[in-house]
Amino acid sequence: MIQDAVAEFNLISNQFSAEYGHSTAGQFNIITKSGTNAYHGSAFYYGQNRHLNAMDNLTKAAIEAGDISEKPRFDYTRLGGTFGGPIQKDRLFFFGAYEYRTRGEAATGVTVISPTSAGMSTLNGLAANSEVRSILQQFPVASSPSDSVVVSGQTIPVGAVQYFAPDYENQHDFQINIDYNVGKHQLRGRVLYDRLRQPNLNPSLPLPQFTGDFAKDGR
């Protein structure tokens with residue numbers, strides 16, 4: 001929900017009326033704004049980043065210990081606006097709101113254990129068919145061995161490989177309200193839409209072929 005589009009907010013925590021008898025816990029009732037006989041609007045911006053935010057104690061300790069060289073990246077922005085007014089005075093009104101939210105943080109380092117080139121050659125020799133060899137080609141290859149595993153009686157040298165997984169999200173929200181007064185009656189129309197995109201990472205193998213995008217669209 002876009003905060004600047006909210007006109008009233010009400011929380012019912014107990015003693016529900018019959019209108020809310022089908023639900024439990026708290027009931028959140030939100031009424032969004034409507035247009036009026038005068039055109040009106042607003043614009044807003046909220047931002048955070050590592051250059052503006054104070055350094056916390058954990059980050060300060062990590063820099064002093066030499067674990068990191070500077071404050072990790074953190075960029076968070078929310079911006080948007082609202083606009084409403086009359087289509088037909090005293091009868092037909094419109095109201096619209098839009099918000100864009102984006103967050104970007106420092107990439108997360110992930111260390112995985114994978115076969116070396118010699119180990120991969122052995123695994124390819126053990127592969128039952130071309131489909132298995134095609135899957136093996138998708139895995140990373142360690143530059144040097146640090147350990148070994150046994151597969152079908154064969155010793156496979158393995159080593160550590162580090163990858164960095166992106167960490168971000170982008171979301172667009174908008175809504176359109178139409179209100180029509182017909183004598184003692186009112187007709188209301190509401191359209192709300194949100195679009196979220198962020199990485200859907202494999203925690204063990206954050207490589208493009210093992211990950212994807214998390215896409216959520218709500219209407």
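S152 lies in the loop between strands β6 (147-151) and β7. In this predicted model, S152 has a positive phi of about 50° although it is not a glycine. The briefing below sets out backbone geometry, the largest pocket, a nonpolar surface patch and the salt bridges.

**Backbone geometry in two loops**

- Most residues other than glycine have a negative phi.
- S152 departs from that pattern with its positive phi of about 50°, and S152 counts as exposed because its relative accessibility is 66%, over the 50% cut-off.
- D90 also carries a positive phi, near 70°, in a residue other than glycine.
- The position of D90 is in the loop between β4 (74-88) and β5.

**The largest pocket**

- The volume of the largest pocket is about 170 Å³.
- Three elements give two or more residues each to its lining, namely β5 (92-115), β7 (154-182) and β8 (185-200).
- Strand β7 is the largest contributor to this lining, with four residues.
- The residues that line the largest pocket are M1, I2, R78, E99, R101, Q171, D173, F174, Q175, L192, Y193 and D194.
- Sorted by class, the lining holds five nonpolar, five charged and two polar residues.
- F174, one of the lining residues, is located in strand β7.
- F174 counts as partly exposed because its relative accessibility is 33%, which falls between the cut-offs of 20% and 50%.
- F174 and P203 are separated by 29 residues in sequence and by 32 Å in space, taken from C-alpha to C-alpha.

**The nonpolar surface patch**

- M1, F9, L11, F28, I30 and L192 make a nonpolar surface patch of about 610 Å².
- Strands β1 (6-12) and β2 (27-32) each supply at least two residues of this patch.
- L11, a member of the patch, belongs to strand β1.
- L11 has a relative accessible area of 45%, so this residue is partly exposed.
- M1 and L192 belong to the patch and are also among the residues lining the largest pocket.

**Salt bridges**

- The model contains ten salt bridges.
- R101, R103, E105, D167 and E169 are linked in a network of salt bridges; R101 is also one of the residues lining the largest pocket.
- D179 forms a salt bridge with R188, where the closest N and O atoms are 2.7 Å apart.
- D179 also meets R190 in a salt bridge between side chains, at 3.2 Å from N to O.
- The pair of D179 and R190 links distant parts of the chain, with D179 in strand β7 and R190 in strand β8, eleven residues apart.
- D179 counts as buried because its relative accessibility is 4%, under the 20% cut-off, whereas R190 counts as partly exposed at 32%.
- R73 and D75 form a salt bridge in which the closest N and O atoms are 2.8 Å apart.
- R73 is partly exposed, with a relative accessible area of 39%, and D75 likewise counts as partly exposed, at 29% relative accessibility.

Conventions:
Residues are numbered from 1 along each chain as its sequence is written. This is a predicted model: local features need pLDDT of at least 70, side-chain atom pairs count only at pLDDT 80 or more; totals for chains, interfaces and linings use all residues. Side-chain values use heavy atoms; hydrogens and water are left out. On a 1 Å grid over the protein atoms alone, a cavity is a set of points where a 1.4 Å probe fits but cannot get out, and a pocket is an open set with protein on both sides within 12 Å along at least five of seven lines; lining residues have an atom within 4 Å of a point. Grid points are joined across faces, edges and corners, and a volume is the space filled by probe spheres set on the points. Ala, Val, Leu, Ile, Met, Phe, Trp, Tyr, Cys and Pro count as nonpolar, Asp, Glu, Lys and Arg as charged, and the others, Gly among them, as polar. Patches are made of residues with over 30% relative accessible area and no salt bridge: like charges are joined within 9 Å, nonpolar side chains (Val, Leu, Ile, Met, Phe, Trp, Tyr) within 5 Å. Accessible areas come from the Shrake-Rupley method with a 1.4 Å probe; for residues, only the protein chains shown count as cover. A salt bridge is a side-chain nitrogen of Lys or Arg within 4 Å of a carboxyl oxygen of Asp or Glu. Buried means under 20% relative accessible area, exposed over 50%, partly exposed in between (1.4 Å probe, protein chains only).
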